[in-house]
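Hi everyone, thanks for coming. I'd like to walk you through one structure today, so have a look at the screen while I talk.

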There are 2 protein chains.
Amino acid sequence: MIKKRPTVADVARLTGVSMMTVSRVMNDMPGVSEETRQRIREIAEQIGFRPSQIARGLATRHSATIGLVMPDVSNPFFAQIARGAEDAAYEQGYSLFLINTAESPERERSALDTLWQQEIDGAILSSPRLSTDVLYPIIERFPAVVLVNRELEKPRPGIGTINVDDRLGAQMAVKKFLALGRRRIGHLAGPDTSVSSRRRLEGYREALIESGIGFDQNLVEHCIPLTEGGCEGAHRLLERCPDLDAIFCFNDLSAVGAMQACLETKRAVPEDVAVIGADDIPLASLVTPRLSTLHVDPNSIGCQAMTMLTELINHPKRSPKPVVIQPELTLRQSAP
Amino acid sequence: MIKKRPTVADVARLTGVSMMTVSRVMNDMPGVSEETRQRIREIAEQIGFRPSQIARGLATRHSATIGLVMPDVSNPFFAQIARGAEDAAYEQGYSLFLINTAESPERERSALDTLWQQEIDGAILSSPRLSTDVLYPIIERFPAVVLVNRELEKPRPGIGTINVDDRLGAQMAVKKFLALGRRRIGHLAGPDTSVSSRRRLEGYREALIESGIGFDQNLVEHCIPLTEGGCEGAHRLLERCPDLDAIFCFNDLSAVGAMQACLETKRAVPEDVAVIGADDIPLASLVTPRLSTLHVDPNSIGCQAMTMLTELINHPKRSPKPVVIQPELTLRQSAP
DNA sequence: TTGTACGCGTTATCAT
DNA sequence: ATGATAACGCGTACAA
């Protein structure tokens with residue numbers, strides 16, 4: 001009833017050659033006459049033979065698969081990274097395992113464990129939340145890893161990094177607020193497990209100290225980096241500091257939430273409160289008022305990460321130079 | 001230098017038992033004394049042994065992997081499906097291969113080919129664009145398949161379907177426009193390769209004929225189902241039929257584009273032109289004016305699809321009852 | 001140019 | 001309760 005999957009043996013038998021010759025043809029290797037090559041190709045096509053990647057993986061010790069681990073694909077920022085990465089993977093002949101960690105450290109561990117069992121050839125870890133002590137020993141076992149939005153103290157062979165310069169971005173945002181004459185500048189930070197969030201907080205802090213205004217912990221509030229979380233966080237912030245005249249937000253989703261909170265408390269954006277987000281997801285230019293934000297191209301990040309990873313797979317000893325991406329302050333209505 | 005991956009043989013040797021006993025322990029099978037079980041577990045943990053899923057796959061003929069094929073993860077609608085599917089897959093112990101087809105039939109073929117080589121246990125195909133003649137022979141070879149937004153003429157064993165009732169949704173939208181007193185109702189359709197698009201067009205057509213107004217091909221324009229594509233399509237539509245007073249759009253992204261086009265041609269939404277989209281992506285409630293749309297829960301679709309698939313994997317002979325999801329007309333500002 | 005023998009790491013089968 | 005042996009489907013090394 002259930003058709004069995006054709007194997008090299010089947011093709012070999014039908015063509016009247018050895019399995020080895022079939023294998024050579026399937027892998028485009030030399031050493032087969034053009035004639036038999038053609039005949040084998042025909043028969044293979046005819047019976048629908050495709051080499052089993054599983055058997056092939058067992059024999060060659062590489063699976064042609066790559067793991068992509070991220071907090072949440074349904075977040076547009078990560079979705080675009082995934083798209084960019086998958087496109088590049090496809091071009092290079094790799095299949096992609098997608099795993100969401102839902103911000104849960106246990107799930108992240110379990111994700112890496114699963115990938116280890118799958119014997120992936122490499123992994124891209126986007127915004128990993130695990131602590132260094134537990135993360136490093138795990139990823140060092142992988143053949144190749146690219147970390148997105150996570151730094152490495154010292155370069156290590158087989159591990160590359162791509163980071164957005166969040167510190168700089170935050171400084172740019174704060175300086176923009178200052179140029180607009182704002183002095184009570186709040187910050188809606190992300191989860192404190194997020195490296196990006198910590199870096200943005202740091203940049204915000206530095207810029208305020210440098211300006212002479214100084215840093216005030218009261219002006220900082222953490223939130224879940226989604227629209228609703230941003231709205232709630234901004235409400236808490238505005239209640240505590242009603243005289244706020246600007247908010248720098250962890251990402252665009254939370255910034256949109258913050259703008260909602262302003263609306264709900266009868267504050268005009270940008271007249272009463274200016275708002276700047278981060279990431280420049282498509283939503284940013286579609287909301288009203290349109291959101292000023294720190295632009296980065298996540299699709300390109302995903303693509304670059306995958307390119308770096310395949311290089312790393314092909315040259316395992318290298319310690320690639322860390323890539324740092326400069327965000328661009330894109331001004332729209334919320335902080336003109 | 002490079003540590004070799006521990007194998008059952010290593011564990012067996014260190015514990016002083018046979019590989020088979022180790023295998024039994026790793027798979028929680030009976031027939032091992034509690035004492036040796038504990039000892040094996042300890043040693044395995046100690047040397048960091050994890051069974052290779054590749055070798056296991058070769059031996060058992062199933063890979064614990066599932067393929068997820070969709071046009072584009074960076075589209076929020078599909079991203080949520082992916083999230084729902086991955087969550088469910090994780091719970092059931094499956095890993096997910098993600099493949100984007102970018103609306104390209106060749107890439108879709110190639111995706112299915114890749115998955116076949118990877119010996120997946122099952123696949124979820126979301127909005128497949130391939131014609132029936134080429135799609136069916138391919139998916140019939142897979143152990144189990146769930147089609148999302150694609151119908152099956154007759155139920156087939158091993159293949160399940162989940163469809164949004166697009167026809168009904170379109171009818172609801174048109175009827176709403178009629179209730180609002182609109183009579184020149186346009187339709188911004190998606191790619192005509194899209195089954196959903198064809199079904200929505202059909203529902204639109206039926207509702208207009210039923211109402212006595214009749215169907216006018218001039219009022220229909222196809223577009224690329226993104227914000228920009230919607231904007232361009234709406235411009236073409238409005239140029240051809242300047243007296244349009246309502247537009248039913250293929251999806252929310254194109255609807256947002258259509259609203260932009262209205263803005264750019266000095267038409268007020270909803271006063272001059274009412275707009276209804278489809279999918280109810282998060283963006284819909286965040287744009288101004290807020291978008292009326294046909295609500296469906298893509299996360300739940302992904303989750304249901306995966307649940308159906310695993311049932312199918314466990315009971316391959318079944319022909320599951322087709323699932324049809326009713327969209328809900330969610331009224332916001334663009335068509336109050 | 002073509003073929004043979006073996007190994008990859010695991011599970012299934014059949015023994016003990 | 002435990003073990004020996006043979007698959008699983010392919011690639012590699014070496015032989016012809």
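I'll go from the overall look of one chain to the chain contact, then the DNA, and finish with one strand. Keep in mind that this is a predicted model.

Okay, chain A. Chain A has 12 helices and 12 strands. What does the radius of gyration tell us about chain A? The value is 25 Å, well over the 20 Å that the globule rule gives for 336 residues, so chain A is more spread out than a compact globule. You can also picture a box: along the principal axes, the C-alpha atoms of chain A fill roughly 85 × 40 × 35 Å. Of the 336 residues in chain A, 51% count as buried. And if you take contacts in chain A between residues at least 6 apart in sequence, 69% of them join residues at least 24 apart.

Now, how do the two chains touch? The contact takes 38 residues from chain A and 38 residues from chain B. On the chain B side, H4, helix H5 (76-91), strand E2 (95-100) and helix H6 (105-117) each supply at least two residues. Which of them gives the most? That's H5(B), with 7 residues. By class, the side of chain B that touches chain A divides into 18 nonpolar, 13 polar and 7 charged residues.

There's strand pairing across the two chains as well. Strand E2 (residues 95-100) of chain A pairs with E2(B) in the antiparallel sense, over 3 bridges. Look for A:Phe97, which stands opposite B:Phe97 in E2(B).

Staying in chain A, let's look at helix H6 (residues 105-117). Here's a little check you can do yourselves: at 1.5 Å a residue, its 13 residues should span 18 Å, and the end C-alpha atoms are 18 Å apart, which agrees. The buried residues of H6(A) are A:Glu108, A:Ala111, A:Leu112, A:Thr114, A:Leu115 and A:Trp116. What do those buried residues pack against? In chain A, they pack against strand E1 (65-70), E2, strand E3 (122-126) and helix H7 (132-139), and E2 of chain B joins in too. After H6(A) comes A:Glu119, whose phi is positive, near 55°.

On to the DNA. Around strand D there are 26 residues, and A:Thr7, A:Ser23, A:Ala59, B:Val17 and B:Gly31 come nearest. The elements giving two or more residues to that surface are helix H1 (8-15), helix H2 (19-26) and helix H4 (53-60) of chain A, plus helix H2 (19-26) and helix H4 (53-60) of chain B. H4(A) has the largest share, 5 residues.

For DNA strand C, 27 residues surround it, the closest being A:Gly31, B:Thr7, B:Ser23, B:Ala55 and B:Ala59. Here H4(B) gives the most, with 5 residues. The surface near strand C has 15 nonpolar, 10 polar and 2 charged residues.

Last stop: strand E5 (residues 159-164) of chain B. Buried or exposed? Mostly covered: 6 of its 6 residues are buried. On one side you have B:Ile159, B:Thr161 and B:Asn163, and on the other B:Gly160, B:Ile162 and B:Val164. Strand E4 (residues 145-148) of chain B runs parallel to E5(B), joined by 4 bridges, and B:Val146 has B:Gly160 as its bridge partner. E5(B) is also joined by 3 bridges to strand E11 (residues 323-325) of chain B, again running parallel. There, B:Ile162 stands opposite B:Val323.

That's my tour, thanks for listening.

Definitions and conventions
Residues numbered from 1 in each chain as written. Chains lettered and ligands numbered in written order. Predicted model: local features only at pLDDT ≥ 70, side-chain atom pairs only at ≥ 80, totals over all residues. Near = placed C-beta within 6 Å. Nonpolar A, V, L, I, M, F, W, Y, C, P; charged D, E, K, R; others polar. Contact = placed C-beta atoms within 7 Å. Pairing = 2+ DSSP bridges. Expected span 1.5 Å × (residues − 1). Buried ≥ 20, exposed ≤ 12 C-beta atoms within 10 Å, placed from the backbone. Rg over C-alpha atoms; globule rule 2.2 N^0.38 Å.
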